[in-house]
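I opened a fresh page for this model. My plan was to look up covers, helix packings, cysteines and a few single residues.

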Amino acid sequence: MSFVITTPLYYVNDKPHLGSIYTTLICDSIARYKRLTGADVIFITGVDEHGLKIQRTAKNKGVEPQFHCDEISDIFKQNWKDWDITHNKFVRTSSQKHEYIVKEFYNRVKKSDDIYMGVQKGWYCVGCEEFKDNPDNSPTHKCPIHQKTLEWKNEENLFFKLSKYQSQIEELIKEPTFIQPKERRNEIINFVSKGLKDFSISRTNVSWGISVPDIDNHTFYVWFDALLGYVSAISLDMNQPSLDESIDNGWPADIHLIGKDILRFHAVYWPAMLISADMKVPKKVYGHGFLTREGQKMGKSLGNVLDPDILLSKYGKEAVRWYLLKDITLGQDGDFQNKRFVDIINNDLANTIGNLLNRTSSMSRKWFNNRVPSNEMLSKDNTLELYAKKTVENYFRHFNSYELDLAANVILSLAINTNLYLNEKQPWTLIKDEKNIPFVSNIIYNVLESTRIVGLLLLPILPNLSSKIDQQLGLLYNEKESWENQLDWGKLIHESILPAPNPVIEKLEYE
Ligand code: MSP
């Protein structure tokens with residue numbers, strides 16, 4: 001079973017920002033989860049390199065656009081290594097392979113009689129690379145996203161007949177699973193109901209782009225070009241890629257995970273382009289929310305941009321992952337608050353999960369000869385077993401519907417409940433009387449087993465912590481046995497050796 005997931009292709013005007021890290025971490029976690037459940041995952045990320053924004057960035061730096069793109073692309077690739085991202089495709093829209101695909105696609109759309117020459121007039125945001133509404137036609141009107149003044153454009157462009165696909169798009173977006181979350185779907189339904197307008201797909205004043213095959217001085221509009229990166233990423237042939245080859249290799253995407261600001265492109269323009277080229281539309285477009293910092297929108301002009309490199313070096317990738325995936329509901333806006341961040345990491349990971357592991361392992365080592373208790377002396381108390389089974393069920397349900405925060409929270413609840421169980425049973429009091437050994441064996445085994453399941457469930461979310469928990473339990477993740485089977489209760493081997501405990505996660509300090 002193949003599963004194709006994509007991040008947006010990020011503009012190379014600068015190194016990755018927290019928003020791009022956020023989307024990529026979510027995709028990475030989903031990709032890891034899908035792989036663990038046996039899917040053949042194609043995880044696509046990459047960079048969007050053409051257009052006016054990049055052309056100007058390079059010019060301001062005094063370098064050639066290609067040179068600039070090479071430099072920033074390498075930074076993206078390095079970032080994904082530093083954050084342990086497990087993508088298997090990194091697409092560059094300035095590559096030859098991609099250019100091939102764009103031209104082939106254009107020819108298909110042209111054959112469908114969906115291209116014509118027209119005049120494009122309007123207010124343009126170079127930051128978004130998109131025409132915007134400017135209700136008063138004011139020359140000082142700013143784009144609400146980039147806070148940059150819009151530019152007036154009036155030029156001859158090629159147009160794509162989006163209006164022709166009105167009813168097909170209406171049908172598509174009616175489908176409840178196509179656009180998620182629900183609120184975003186309603187926004188798009190509302191937008192489409194006002195009537196789709198044809199949009200321009202070429203430019204005459206942008207030299208940094210793919211040239212339109214049959215028309216002098218026209219390059220493709222950066223969005224027409226970039227969306228096709230999802231398709232060119234899948235083709236393997238570097239010299240003569242083709243749309244058919246991409247189709248054979250896995251198109252359509254199962255999910256495009258993107259920020260809410262670029263939903264129209266993905267849920268309306270892109271499917272119409274694909275239908276025109278006689279290709280399948282993506283199965284789902286998921287629009288996540290925006291991150292703010294301490295309640296404020298982040299922006300260069302506000303001087304409050306949170307640098308992900310600093311977060312990474314100060315706190316480590318897993319702390320940031322946990323905060324972004326567990327504390328923010330996918331689809332809603334989220335806020336990065338330093339105090340909350342430190343509290344969450346210390347409470348959830350260090351105090352709840354880390355301490356649970358360390359204190360139980362220490363008790364077991366002390367009372368059972370450095371080992372997991374033997375099963376000869378077990379009594380029968382299946383409270384934790386039942387709780388763990390329920391947890392696993394809920395976890396799968398949440399992950400399958402992309403409720404990553406809920407999936408993370410059920411793991412945490414299992415750890416919290418395991419701690420409570422331990423406190424309630426008080427094995428340290430029971431052990432004082434020898435006749436209680438069967439009960440203590442049972443309690444300790446249950447707690448260690450529950451902790452093993454906590455560790456396994458963490459695998460797609462916090463892969464490093466997960467493997468540290470395994471090591472601490474004297475286990476090595478068994479790649480031969482399916483992850484799902486390993487989640488069955490009772491797999492922790494009685495009398496196996498428990499290594500001396502080490503803290504699996506460091507506590508963080510407030511700034
Ligand atoms: N190049 C286009 C995408 C083309 S896809 C074929 C683009 N690139 S981007 O680099 O500007 O944006 C990438 C992603 O970052 C978008 O999904 C956008 O929503 C997201 N974010 C930008 N700022 C953000 C936050 N403050 N918070 C969360 N994500 C945000 O758009």
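**Helix 2 and its cover.** I looked up what lies over the buried residues of helix 2, and the cover includes strand 1 (2-11), strand 2 (40-48), helix 3 (65-82) and strand 6 (151-160). I take helices (H or I, at least four residues) and strands (E, at least two) as DSSP runs, numbered from the N terminus. Contact means heavy atoms within 4.5 Å. The model is a predicted one, where local features need pLDDT of at least 70, side-chain atom pairs count only at pLDDT 80 or more, and totals for chains, interfaces and linings use all residues. Residues are numbered from 1 along each chain as its sequence is written, and side-chain values use heavy atoms, with hydrogens and water left out.

Which residues of helix 2 are buried? I find Leu52, Lys53, Ile54, Gln55, Thr57 and Ala58 buried in helix 2, which spans residues 52-61. Buried means under 20% relative accessible area, exposed means over 50%, and partly exposed lies in between (1.4 Å probe, protein chains only). Just after helix 2, Gly62 has a positive phi of about 75°.

**Helix 2 against helix 3.** Next I checked the packing of this pair. The axes of helix 2 and helix 3 cross at roughly 95° and come within 9 Å. That makes helix 2 roughly perpendicular to helix 3. Axes are lines fitted to C-alpha atoms, for helices over the stretch in contact, and angles run from 0 to 180 degrees between N-to-C directions. Angles under 35 degrees count as roughly parallel, over 145 as roughly antiparallel, 65 to 115 as roughly perpendicular, and the rest as oblique.

From helix 2, Ile54, Thr57, Ala58 and Lys61 meet Pro65, His68, Cys69 and Glu71 of helix 3. By class, I get four nonpolar, two polar and two charged residues for this contact. Here Ala, Val, Leu, Ile, Met, Phe, Trp, Tyr, Cys and Pro count as nonpolar, Asp, Glu, Lys and Arg as charged, and the others, Gly among them, as polar.

**Helix 6 against helix 10.** I looked up this pair too. Helix 6 (residues 182-193) packs on helix 10 (residues 263-276) at about 55°, with the axes 11 Å apart. That makes helix 6 oblique to helix 10. The crossing of helix 6 past helix 10 is right-handed. A crossing is left-handed if the near helix is turned anticlockwise from the far one by less than a right angle, and right-handed if clockwise. Arg184, Ile188, Phe191 and Val192 of helix 6 meet Leu263, Arg264, Val268 and Tyr269 of helix 10. The class split is six nonpolar, no polar and two charged.

**Helix 13 against helix 17.** Helix 13 (residues 338-367) and helix 17 (residues 437-457) pack at an angle of about 145°, and their axes are 10 Å apart. I note a left-handed crossing for helix 13 and helix 17. Among the helix 13 residues in the contact are Ile353, Leu356, Leu357 and Trp367, and helix 17 brings residues including Val440, Ile444 and Val454. I get 10 nonpolar, four polar and no charged residues in the contact of helix 13 with helix 17.

**Cysteines.** How many disulfides does a search of the whole structure find? My search returned zero. A disulfide is taken as a pair of cysteine sulfur atoms within 2.5 Å. Cys125 is in no disulfide, and its nearest cysteine sulfur, in Cys143, is 3.6 Å away. For Cys143, that 3.6 Å to the sulfur of Cys125 is too far for a bond. Cys125 counts as buried because its relative accessibility is 1%. Cys143 is also at 1% and counts as buried.

**Ser466 and Gly474.** Ser466 lies in helix 18. Its relative accessible area is 3%, so Ser466 is buried. Not counting residues up to four places away in sequence, Ser466 touches Gly455, Leu456, Leu458 and Leu459.

Gly474 sits in the loop between helix 18 (463-472) and helix 19 (483-486). Is Gly474 buried, partly exposed or exposed? At 43% relative accessibility, Gly474 counts as partly exposed. Beyond its neighbours within four places in sequence, Gly474 contacts Ile497 and Pro499. Gly474 and Ile497 are 23 residues apart in sequence, yet 6.2 Å apart in space, C-alpha to C-alpha.

**Whole protein.** Last, I logged the totals. The protein has 19 helices and 15 strands. Of its 511 residues, 55% are buried. The C-alpha atoms fill a box of roughly 90 × 45 × 40 Å along the principal axes.
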